[in-house]
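Colleague: Please choose one part of this model and take me through it closely, strand by strand and side chain by side chain, before you place it beside other parts of the chain.

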Amino acid sequence: MTDKLKLLTPATLILDDKSYSLPTYMGVEGEKAIDITKLRSQTGYVTLDDGYGNTGACESAITYIDGEKGILRYRGYPIEELAAHSRFVEVSYLLLYGELPNSEQLLKFSTRLNESSIIHEDVHHFFNGFPRGSHPMGILATMVASLSTFYPLPDRLDAETEVQIVANLVSQVRTIAAFSYKKSIGEPLVYPSIKYKYTGNFLNMMFSSPVRDYQLDPDIVRAIDMLLILHADHEQNCSTSSVRTAGSSMANVYAVITAGIAALWGPRHGGANQEVIKMLEQIHAEGGDGTEFINQAKDKNSGRRLMGFGHRVYKNFDPRAQVLKEHCDKLLNKPGINDPLLDIARRLEEIALKDDYFISRKLYPNVDFYSGLILRAAGIPTNMFTVLFAIGRMPGWLAHWREMIHGEQVTIYRPRQIYVGETLRHYQDIKERV
Ligand code: SDX
C-alpha cells in the first residue's frame with residue numbers, strides 16, 4: 001500500500017460465528033476500500049463480483065473518475081480544461097510522466113515522437129499479407145504484436161530504452177493506422193512528415209495522395225486532437241485492465257498493448273463508436289426518427305441496445321460526451337459539412353433523456369455517442385473509428401503499464417472462482433459410455 005492511502009477503522013466481518021477484522025483505506029478523493037488480500041487465507045472465503053464493478057484492482061495516481069458527479073481528471077486536471085486548452089501530445093506526456101511538460105520537455109517529447117514516427121521498412125511486407133477488407137483493428141493488433149520482432153526488447157528495460165519504446169508506440173500507432181487505411185483502399189502509403197504536428201501528420205498520412213492536393217482543415221485537426229485527448233485514459237476500463245493483466249505477467253510491452261487493442265475492439269467498449277454510426281445509419285435508412293429503435297432498445301428480447309448510451313461507471317452524464325457534443329455542433333455547422341445523422345442523434349438523446357427506462361437505469365450518452373459524428377465529419381471511415389480510439393488510448397495504456405512495472409511490487413493478476421461444474425467422477429472406457 002502506498003503512503004497516499006489513509007488507514008481507517010477496520011471492518012468487522014462475521015462469518016460462521018467467527019469475527020474477522022479487515023483493514024479499510026481511503027484514497028485522496030475519499031474513495032474507500034476494504035482490503036481483502038488476506039480474506040481467503042483467514043476465512044477460506046473469496047468474494048464474487050461479476051465484472052469487477054465493486055473491486056479495486058490496484059491503487060493508481062493517473063486518472064480519477066466520479067461516476068455519480070460526472071467527474072474525469074487526468075493527473076488532477078479536469079478533462080474539460082485539458083480539452084479546451086491542451087493538445088494530445090501534451091496530455092500524453094502528462095499521463096505518462098505525471099506533470100504537464102515545460103517548453104523544453106514538450107519540445108524534446110514532440111521531437112522524439114516525430115523521429116519515432118517511421119516504422120521499419122520491412123514491416124510493410126506484413127501489410128501485403130492481409131486479405132482485402134481486413135478490419136483495421138485486426139491489422140493494428142497484428143502489427144503492434146509484430147513490433148516485438150522488429151524491435152526486440154531486452155529482458156530488463158533501462159530508462160532510456162523504456163522512454164524510446166513508449167514514444168515509438170505513441171507515435172507509430174498513427175503510422176500503422178494510416179498505412180492500414182491506405183492499404184485497404186489500394187492507395188500508395190503516405191509517410192509521416194516533419195512538416196506536421198502529431199494529429200495533422202496522422203490526417204495527412206490518411207488523406208493526402210500524390211495526385212490530390214490535400215490541405216489540413218484546422219477545425220478538423222483541432223476536433224480530432226481534442227477527441228484523442230478525451231479518449232486518452234479512463235482508469236481501470238476493460239482494455240486498460242487487460243493491459244494491466246497482461247503486464248502483470250511481465251510480458252513485453254508490445255504484447256501488453258496488443259491485449260489492450262484486443263479488448264478495446266469489442267462493441268460494448270471501444271467498438272461502440274462504430275456501432276453508434278451503424279445504428280444512426282439504420283434509423284436514417286428506415287426513415288424513422290428513432291422512436292421505434294428506442295422501443296426496441298428497451299425490449300430485452302430485441303437484442304438491441306441504444307449504442308453510445310450507458311456506462312459501467314458514469315451514472316450521470318459522461319463529461320466527455322458533453323465536450324464532444326459542443327464540438328459536434330461547431331464542426332457540423334461548418335459550411336460544406338452537413339450530416340443528417342446528427343439530427344437523429346440529437347432526437348435519440350432528447351427522447352431517451354425523458355424516458356423512464358433510461359432515467360431509472362441512469363443511462364446517459366457516453367463518449368461514443370458523439371465521437372462517431374466528429375470522425376465522420378473528418379472523413380474517417382467507420383471501420384477506422386475504434387482505431388482512432390486506440391490511438392487516443394495508447395498513452396493511457398502505457399501510463400498504466402509504467403505505473404504497474406515501477407510499482408513497489410508487480411503481483412501477477414490471478415483472480416479466483418467458485419466452481420459449479422461436475423463433482424469428482426472417474427474415467428470410463430468408451431465401451432462403457434452410453
Ligand atoms: C466505453 O469503462 C470505461 O471506462 C469504458 C469507456 C472508456 O473510456 O474506456 O468509457 C469507453 O466503453 C463506453 C461504453 C461504450 N459502450 C456502449 O455505448 C454500448 C452500449 N452500452 C451498454 O452496452 C452498457 O451500457 C455498458 C456495457 C456500457 C454498461 O453496461 P452496465 O453498466 O454493465 O449495465 P448493464 O449491462 O448491467 O445494464 C443495466 C441495465 C440493463 O437492463 P435491466 O437488466 O436492468 O433491465 O441497463 C440496460 C441493461 O439492459 N442497458 C441498456 C443499455 N445499457 C444498459 N439498455 C439499452 N441500451 C443501452 N445502451
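Modeller: Two strands are taken to pair if DSSP finds at least two bridges between them, and with that cut-off in mind I would look closely at strand 7 and its partners, keeping in view that the model is predicted.

Strand 7 covers residues 71–74, and its side chains alternate along the run. Leu72 and Tyr74 point to one face and are buried, whereas Ile71 and Arg73 point to the other face and are not buried. On one side, strand 7 is joined to strand 6, residues 63–66, by four bridges in the antiparallel sense. Within this pairing Arg73, whose side chain is on the face that is not buried, is the bridge partner of Tyr64. The two strands make a hairpin with four residues between them, and Gly70, which lies in that turn, has a positive phi of about 65°.

Strand 7 also runs antiparallel to strand 8, residues 77–78, to which two bridges join it. Here Tyr74, one of the buried side chains of strand 7, has Tyr77 in strand 8 as its bridge partner. Strand 7 and strand 8 form a hairpin as well, with two residues between the strands, and in this hairpin Arg75 takes a positive phi near 50°. In general, such strands pair through backbone hydrogen bonds.

It helps to set this beside other strands of the chain. Strand 2, residues 11–15, and strand 3, residues 18–22, pair in the antiparallel sense over five bridges, and Leu15 has Lys18 in strand 3 as its bridge partner. Two residues lie between the strands of this hairpin, where Asp16 takes a positive phi near 50°. There is also an open sheet of three strands with antiparallel pairing, in the order 1-4-5. Its edge strands are strand 1 (6–7) and strand 5 (32–34), each of which pairs on one side only. Strand 1 meets strand 4, residues 24–26, in the antiparallel sense over two bridges, and Leu7 stands opposite Tyr25 there.

Beyond the strands, side-chain charges supply another kind of contact, and the structure holds 20 salt bridges. One of them joins Glu162 and Arg402, whose closest N and O atoms are 2.5 Å apart. Because Glu162 lies in helix 7 (residues 159–184) and Arg402 in helix 18, this pair ties together parts that are 240 residues apart in sequence. Both ends are covered: Glu162 is buried at 4% relative accessibility, and Arg402 is buried at 17%.

The salt bridge between Asp343 and Arg346 has its closest N and O atoms 3.4 Å apart, and it is a local one in the sense that these residues are three apart in helix 15, a separation of about one helical turn. Asp343 is partly exposed, with a relative accessible area of 48%, and Arg346 is also partly exposed, at 29%. Salt bridges can also be linked together, as they are in the network of Lys182, Glu187 and Arg212.

Key
Residues numbered from 1 in each chain as written. Predicted model: local features only at pLDDT ≥ 70, side-chain atom pairs only at ≥ 80, totals over all residues. Heavy atoms only, no water. Buried < 20%, exposed > 50% of the residue type's maximum accessible area, 1.4 Å probe, protein only. Salt bridge = Lys/Arg side-chain N within 4 Å of Asp/Glu carboxyl O.
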